[in-house]
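Subject: Structure handover

Hi,

Here is the structure I promised to pass on. Please open it alongside this note.

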Amino acid sequence: MAPSYKLTYFKSRGIAEPTRYLLAYLGQDFKEIRLDSDAWRSMKSNTPFGKLPILEIDGKVVHQSLAINRYLARKAGLIGKNDWEMLKIDMIVETLSDLMALMRGYHQEPDESVKARKYRELEEIFPFYYARLEEHVRRNNNYFVNGTLSLADIQFVGLQDLVRYTLKRDLVNNYQHLKNLTNKVRSIPSIRAYSEKRPASEYYN
């Protein structure tokens, strides 16, 4: 019997979108709870560490988005064929995690003058990273690792809506190999089908 999945996150794509992509790639139906700020405040104390997303697998609650994504990627055969490939995939995933932390710091900054400074820093840091990610994909036959789809690719593409919202533009369009990779992942039939029926985000479409 197939496992049941329930994903709880905010009414946005955010850091949960790679998880949704992975569930779609697996062909797995899943229930979603999309919270507004009031609903989140009321349930926050009942979550493992007061953070989202959380995923329920057959009623068992797990948390930490990267741990969840690695678990799903393992089920999908997207974590590499050997230890070396797994290491290379993890290097990209952790690099993207660094960028996620920078975006989180920007969005959660309450001081507007500090927030403006952080935005200027993002404007410098993201092109620096994307140029190197672009070269990585170019050297690896149009994927991040070994010329084949992996968690690294889905993690990157799944985060692009959040990057676009944060930087107020589609930065990926400036990097041809990253743009091609993004289009390729979004064109996977099960991911495309999910994207066509997903609800509108609270922050961006």
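My notes on the strands come first, then those on the cavity.

One caution before you start: this is a predicted model.

Strands

Start at β1, residues 5-10. Strand β1 has two partners to look at. One is β2, residues 31-35. β1 and β2 run parallel and share five bridges. Within that pairing, Phe10 sits opposite Leu35 of β2.

The other is β3, residues 54-57. Here the sense is antiparallel, with four bridges. Tyr5 has Ile57 of β3 as its bridge partner.

What joins β1 and β2 into a unit? Helix α1, residues 17-25, completes a β-α-β unit with them, and the unit is right-handed.

Cavity

How many cavities reach 30 Å³ or more? The count is one. The largest cavity has a volume of about 40 Å³.

Which helices supply at least two residues each to its lining? They are α4 (83-107), α5 (112-139) and α7 (160-167). Helix α4 gives the most, with three residues.

The full lining, if you want to select it:
- Leu96, Leu99 and Met103
- Phe126 and Tyr130
- Phe156, Leu159, Gln160 and Val163

What is the chemical make-up of that lining? Eight of the residues are nonpolar and one is polar. None is charged. By that count, Gln160 is the polar one.

That is the handover.

Best wishes

How values were computed: Residues are numbered from 1 along each chain as its sequence is written. This is a predicted model: local features need pLDDT of at least 70, side-chain atom pairs count only at pLDDT 80 or more; totals for chains, interfaces and linings use all residues. Side-chain values use heavy atoms; hydrogens and water are left out. On a 1 Å grid over the protein atoms alone, a cavity is a set of points where a 1.4 Å probe fits but cannot get out, and a pocket is an open set with protein on both sides within 12 Å along at least five of seven lines; lining residues have an atom within 4 Å of a point. Grid points are joined across faces, edges and corners, and a volume is the space filled by probe spheres set on the points. Two strands pair if DSSP finds at least two bridges between them. A crossover is right-handed if, with the strands pointing away from the viewer, the path from the first strand over the helix to the second runs clockwise.
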